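Please open the structure in your viewer and keep the sequence panel visible. The tour below proceeds by selections, each followed by a short account of what is found there.

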Amino acid sequence: MRIIIRIFAIRTTTPPICTLASCTTCILPSNDGEDALEILRREHIHVMVTDYKMPRRDGISLCQETRRISPYTYRLLLSGQVDYAALREAWHAGDVHRFVAKPWDNTLLTIDIEEGVRQQKLLGYVHQFQQALTAHSAAFLTDSNWIIRLASPELCNALSLKEEDLQGLNLFSPACSDAGVTLEAEVTRQIESGATWLGHFTLLDNERQQQPSSMAISPLGREYRLCVCDLAASATSKRPQPVQTADDTEPQSTLKAATLHIRFSAADIENMTTSARLFSDLKALCSKGQDLYHMPQPNEFLVAARDSEAVLELQQFAAEMENNGDLPTGEMTRREAPEGADYEAWLREQLGLNNSRPSDQSSDEQTVLPVFGLHGEILGVESQQLGQYGEEEWRNWLTAVVTTWQSHFSGPLRVILDAHSASVEHIQAFLAALEYGRTLHPIDASLIMSEEQLLSEQEEDILLHGELVHQDVTRMIRHFGRSFLNARQILSLPIGGITLAPEFLTRMQEPRNAVQGGRLLQKLHDEGMVIYAGHIQHSELLATSHKARIDWLSGTVLSPEVSVSELHWFSPDATLG
């Protein structure tokens, strides 16, 4: 692993940098930005740590040029004097991956560099795959949620789209393809089992015209997928379309959608290879407008028809399957979509997939995330609805929570809201409801805010902070350990606490980070800062948070979101039945 640093500026960080786990770490120093570029031109550098103020070239300019000549180098900028507006612009543009403010904390800087090493590996993998692909391949990279992250020029040219038009789209969304849910379940099943999926996939070009493709999709670890297309070959393999003449008098079905659930005996499906072969045989029987899916069980399949013609041909499919002597005998169950039903939501239900569309909740279904103290006692609740609720909805929510809290708990109600992506209008809607809620019961309110919100000099943000002070609402900075600000700068802000970045506790599990990280958190404690660790997903992180004496804790290992009425589970007088 090779790291280039501006040794003139950060000489005192050499010891903690050298504690990186890899014994092959090589640190290459440079005296200024131009010297660093010379190193980058002749060496493969994994991580670059650069100062902002240097002779001949500043740090942001160096990161921009590094991105051009060595795009797979992770770029970390370190400085005590920087134009934050220019820095944020460089960060949003992707020129700077990470910024660390002086004076830095050795533990956090070490975590940042190690994180850079891990992320650079991903950049390196992408580079290797790009090298492995032939020059004429149309290909793109998605994450585990099928969001497109990279697209090759060949693919962009074939679809007459720019790469930025594709980035951020879901592969199965109607904006990108006509597949949608029709292939999502099967492709996801195969990829998550570690296999490569190969089949037909229809993409949409810039004019929303279908571009059939033969596509191979392969997993890149657990987080990414590589998709390689053969658009030219697929054009000759399109299924011929039936031509309807004026003499066609067959009555049209009024049904909009239907499915045929096929269940074979588990004894006939010996393994996944047999199941895959059976899937291919069934697929050959499907007509246009019919889609075939694997169910979660390898011996079960689902044929879905979403238009009138395809629904009529389900009967023909069943007959051909029964008469096919090469297929085992299967039990078939037909289901029809209710009138006016949302097709994709209904089909997801048939497939046993979670419906990703938000459902309407009545006022009787208010939910909260319980927040606990160090000793397991409930301290309050967090809501994820800031940005979704108006003043009336917040009044209803607060009334429901206060009513339950008064019945089962003593003391004030603590309410925590993550406001980092909420507009000023949504925050003000909550504040108006909070004033009403405090007439019912004492409420301690805390807003989790980004550093951009806390440092903003926009007039509406300044007025908002004045209102937060007036209403005695505690402000907390989001994701300490990932933000641009160091501990000393955070202590200078008018805030009452911090939330930890998810990776902070993970890194504290390593012995060499535990002591220094604990001292840093203790320093914040001593200055009166409340420390909140949310999103705790497993018991190891919970144990680490106890050792670090974190004040507030939440996450699925403690409790998932519950309805307001279920809060009584955590009351002192609750009993297990």
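Two residues are said to be in contact when heavy atoms of theirs lie within 4.5 Å. The model on display is a predicted one.

**The whole protein**

Begin with everything selected. The protein comprises 577 residues, of which 47% count as buried. Its secondary structure consists of 22 helices and 23 strands. Among the contacts with a separation of 6 or more, 62% join residues that are 24 or more positions apart. Turn on the surface next: the protein exposes about 29100 Å², and carbon and sulfur atoms supply 49% of that area.

**The cores**

In soluble globular proteins, nonpolar side chains tend to be buried together. Select F480 and L500, which have the most contacts inside the largest nonpolar core, a set of 60 residues. Which residues does L500 touch, not counting those up to four places away in sequence? They are H479, F480, L505, L521, I531, Y532, A533 and I550. Another core, of 24 residues, lies apart from the largest one; C156, L166, L183 and L231 are among its members.

**An open sheet**

Now display the strands β6 to β10. In what order do the five strands of this open sheet stand? The order is β7-β6-β10-β9-β8, with antiparallel pairing. Select 148-151 for β7 and 197-204 for β8: these strands stand at the edges with a single partner strand each, so one side of each is left without a neighbour in the sheet. From one strand to the next, the twist averages 30 degrees.

Strands of a sheet pair through backbone hydrogen bonds, either parallel or antiparallel. To study one pair, select residues 210-220, which form β9, and residues 224-230, which form β10. Seven bridges join these two strands in the antiparallel sense. Within this pair, S218 stands opposite L226 of β10.

**A serine after the last selected strand**

Finally, select 562-563, which is β23, and move on to S571 in the segment after that strand. Is S571 buried or exposed? Residues under 20% relative accessible area count as buried; S571 is therefore buried, at 7% relative accessibility. Show its side chain and select H568 as well: the side chain of S571 reaches the backbone oxygen of H568 at 2.8 Å. Leaving aside neighbours within four places in sequence, S571 is in contact with H408 and F409. Add those two residues to the selection to complete the tour.

Terms used:
Residues numbered from 1 in each chain as written. Predicted model: local features only at pLDDT ≥ 70, side-chain atom pairs only at ≥ 80, totals over all residues. Heavy atoms only, no water. Pairing = 2+ DSSP bridges. Helix = DSSP H or I, 4+ residues; strand = E, 2+ residues; numbered from the N terminus. Axes fitted to C-alpha atoms, helices over the stretch in contact; angles between N-to-C directions. Buried < 20%, exposed > 50% of the residue type's maximum accessible area, 1.4 Å probe, protein only. Areas by Shrake-Rupley, 256 points an atom, 1.4 Å probe, with all protein chains shown as cover. Polar contact = N/O pair within 3.5 Å; in protein donor to acceptor, adjacent residues only side chain to side chain. Core = buried A, V, L, I, M, F, W, Y, C linked by side-chain atoms within 4.5 Å.
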